[in-house]
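Grab a pencil and work through these exercises with the structure open beside you. Try each task on your own before you read its solution.

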Amino acid sequence: MGFLLPILLGVFLLFTAAPPSLSQLPPEIDPPAPAPISPSDLCNGIFLSYTFILGRQIPPNDTTDQPYRFESVLTVLNNGREELKEWRVFVGFQHNEILTSATNAIIVNGSDLPAPVGNGTIFAGYPVSDLETAIQTAGDLKQMTATIELVGTQFKVTPPAIPMPNNISLVNDGWLCPEPTATPLSKREISTCCIRDPSIKVNTTTISDKFLPRQHGDLTIRYDVIRSYDQNYLVEVAMENHNPLGRLDHWELSFDWMREEFIQKMQGAYPTVVDATKCIFGPQAQVYTGLDFADVLTCERRPIIVDLPPTKAEDPVLGKIPSCCRNGTILPRTMDPSKSASVFTMQVSKMPPDFNRSALYPPQNWRIKGTLNPDYSCGPPVRVSPTLYPDPSGMPTNKTSIASWQIVCNITHAKTETPKCCVSFSAFFNDSIIPCNTCACGCVSETRRTCSAEAPSLLIPPDALLVPFENRTSLTVAWNALKHKTIPNPMPCGDNCGVSVNWHVATDYRGGWTARITIFNWGEIDFPDWFLAVQMKKPAIRGFEKAYSFNASLLSVDGGVNNTIFMEGLPGLEYLVAERDELDPKKNLRVPGKQQSVIQFTKKLTPGINVPERDGFPAKVIFNGEECLLPDVLPLPSGGRRNGFNTMVLSCVAIFVAVFVI
């Protein structure tokens, strides 16, 4: 019996140690639930998500407009079958956010951080802008995903409430993104899955083309690397105007170096400030120990580049570049195709770890502006196929650039932009001039102390058009007293525009009508090769016949059919000079530069046109690409004697202008 006790004890322990089967589990214990499926796993396109991490109150303490810090993460994941090149994502911020930091991305419009983004903004990948597929990378999430950590300041939303954007979407062409939804069991994350637009045919192969196609825009910039060395490279920068009503005068181009580069030499353009101080006291001096930085042009992280004058076009050191040295003038192709581009070259020195020939990175945050020109918004550089150049040896072959990027800039029309030119109205049936609006081109705070920025502009007599605003007071007061008009105190401020245009309906008869248009330059800068574009209502534009002193033609703009009258100076009259002193020093008046012409219309194709009403006045006036602000009211018909007085005075004004033009 003694030997049976160990056997019985072992059997007892075996049964007591064995786990119970599922059928033996207590009824209140359920098997573990399967892990929830992530929304990204259900997406077979581009998965976007925005996750709020944390927020806290920051100084100052302000119960009416309290600021809060926020931290969030934007994720872009390529779960599709094609590589996503140059990804761009819109985030619909809506709480007056100010973005202070963004990793692995830049703001597309080129804004420097901190930047206000309360109306939403578009992010682009940097330095990695392409997201490969799982098929190409065997599911490597590092190459498929972009993670952007965002830090900024928001207003209005007090914790524990969560300041979420109202939308996130992929901006790249050909993608459809449904409205984002909140992630289950969390109010801190929204996501959406973007898919290809089925109406657009795309290459369905798993390995896509190496470069994106070149895009269209109002202005495009080419960044072509034409020579590459270990420590520097030579690049050609070309700006080309494609908008029939866009142009630049005295252009200024700026961008941000992101990898401590600096400009050593240039041809065809020059920086506004020549200064190597930041290199001497920066890391560049520790790397380039044998370089004489006195020969370096600029070490600014954000240099400002300007064009050279025509006198430098044949300079062997600074010029000798085709399409350079025109004082920064880029015309529309409708005026002169040979002057619709501007080109310059730069020798760019690099910094470690980019000391090899293939390490080429274009600058970011491009901006371009001109004098009295439209505002442009430029996107990030996009890698495109190498540019083809004629072989310099004269052989019937093409030579390619080593690497090329394209920057697309488009004219913006933000509501907050201040106009740079304005329009006044007058007519043969009324002896008063409706001047430009008060503060049409803005008013500085110092000016507002002596005049009213809110009061509407006062009527002026015809001869006051030729006088600078600061010298019109006595004429304006006397004229409005004669018309029994109330004169406010303080009087309205001026328009403060460098250029103004007067549109005068000169005649209206059975077979047609005419308008006289006068351009005034009140600024200090001359405008060579100026142009003026006038858009009329549809009935009136069909009756256009000719302009007497301008070279005028009909132009199709914005998809319309000949809806714009495009005017430029005839040979010898294509120069609009700046304001200058009166020839008679006793008068002590400044005289504006002027150009004038009469435009003739017929009524054969426009029966029923009502010239005294809106049909005889333009719907839009554009000078050198900049849209001018129109008056809020039109001239009203007046009785007999006023018509005669107006015709006589305005005829004198026309003769006076003609004398100065000649």
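**Exercise 1. A residue and its core**

Leaving aside its neighbours within four places in sequence, which residues is Ile517 in contact with?

*Solution.* Before we start, a word on the model: it is predicted, so local features need pLDDT of at least 70, side-chain atom pairs count only at pLDDT 80 or more, and totals for chains, interfaces and linings use all residues. Residues are numbered from 1 along each chain as its sequence is written, and side-chain values use heavy atoms, with hydrogens and water left out.

Step 1: know what to look for. Contact means heavy atoms within 4.5 Å.

Step 2: go through the partners. Ile517 is in contact with Val501, Asn502, Trp503, Leu532, Val534, Phe550, Met567, Gln595, Gln596, Ser597 and Ile599, once neighbours within four places in sequence are set aside.

Step 3: zoom out to the core. A nonpolar core is a set of buried Ala, Val, Leu, Ile, Met, Phe, Trp, Tyr and Cys residues joined through side-chain atoms within 4.5 Å. Buried means under 20% relative accessible area, exposed means over 50%, and partly exposed is in between (1.4 Å probe, protein chains only). The largest nonpolar core has 38 residues, and Trp503, Trp513, Ile517, Ile519, Leu532 and Phe623 touch the most other members. Apart from that one lies another core, of 32 residues, with Val225, Trp251, Leu360 and Trp405 among them.

**Exercise 2. Two disulfides on one strand**

Find out which parts of the chain the disulfide of Cys43 and Cys193 ties together, then do the same for Cys177 and Cys194.

*Solution.* Step 1: recall the chemistry. A disulfide is a covalent bond between the sulfur atoms of two cysteines. The cut-off used here is a pair of cysteine sulfur atoms within 2.5 Å. A search of the whole structure turns up ten disulfides.

Step 2: take Cys43 and Cys193. Their sulfur atoms are 2.1 Å apart, and with 80 degrees about the S-S bond the link is right-handed. Cys43 sits in the loop between helix H1 (4-17) and strand S1 (46-57) while Cys193 is in strand S12, so the pair ties together parts that are 150 residues apart in sequence. (Helices, H or I with at least four residues, and strands, E with at least two, are DSSP runs numbered from the N terminus.) Cys43 counts as buried because its relative accessibility is 2%; Cys193, at 24%, counts as partly exposed.

Step 3: take Cys177 and Cys194. Here the S to S distance is 2.0 Å. The torsion about the S-S bond is about 110 degrees, so this disulfide is right-handed. Cys177 lies in the loop between strand S10 (175-176) and strand S11 (181-182), and Cys194 in strand S12, 17 residues apart. Cys177 is partly exposed at 24% relative accessible area, whereas Cys194 is buried at 0%.

Step 4: look at a residue on that strand. Ser191 lies in strand S12 (residues 189-196) and is buried because its relative accessible area is 7%. Not counting residues up to four places away in sequence, Ser191 touches Pro39, Phe47, Leu48, Ser49, Ile168, Pro180, Thr181 and Thr183.

**Exercise 3. Handedness**

Is the link of Cys324 and Cys325 left-handed or right-handed?

*Solution.* Step 1: check the bond. The sulfur atoms of Cys324 and Cys325 are 2.4 Å apart and form a disulfide.

Step 2: read the torsion. With -70 degrees about the S-S bond, the link of Cys324 and Cys325 is left-handed.

Step 3: check the surroundings. Cys324 is buried, and so is Cys325.

**Exercise 4. A sheet**

In what order do the four strands of the open sheet come?

*Solution.* Step 1: write the order. It is S17-S18-S15-S20, with antiparallel pairing. Two strands pair if DSSP finds at least two bridges between them.

Step 2: mark the edges. Strand S17 (269-271) and strand S20 (364-369) are the edge strands, each pairing on one side only.

Step 3: zoom in on one pair. Strand S15 (residues 252-256) and strand S18 (residues 304-307) pair in the antiparallel sense over three bridges. Glu252 has Val306 in S18 as its bridge partner.

**Exercise 5. A loop residue**

Where is the place of Leu629, and which residues does Leu629 touch?

*Solution.* Step 1: locate Leu629. Look in the loop between strand S40 (626-628) and helix H9 (640-661).

Step 2: judge the exposure. Leu629 counts as partly exposed because its relative accessibility is 31%.

Step 3: list the contacts. Leaving out residues up to four places away in sequence, Leu629 touches Pro419, Cys421, Cys422, Val423, Asn437 and Ala440. The C-alpha atoms of Leu629 and Ala440 are separated by 6.6 Å, with their positions 189 residues apart along the chain.
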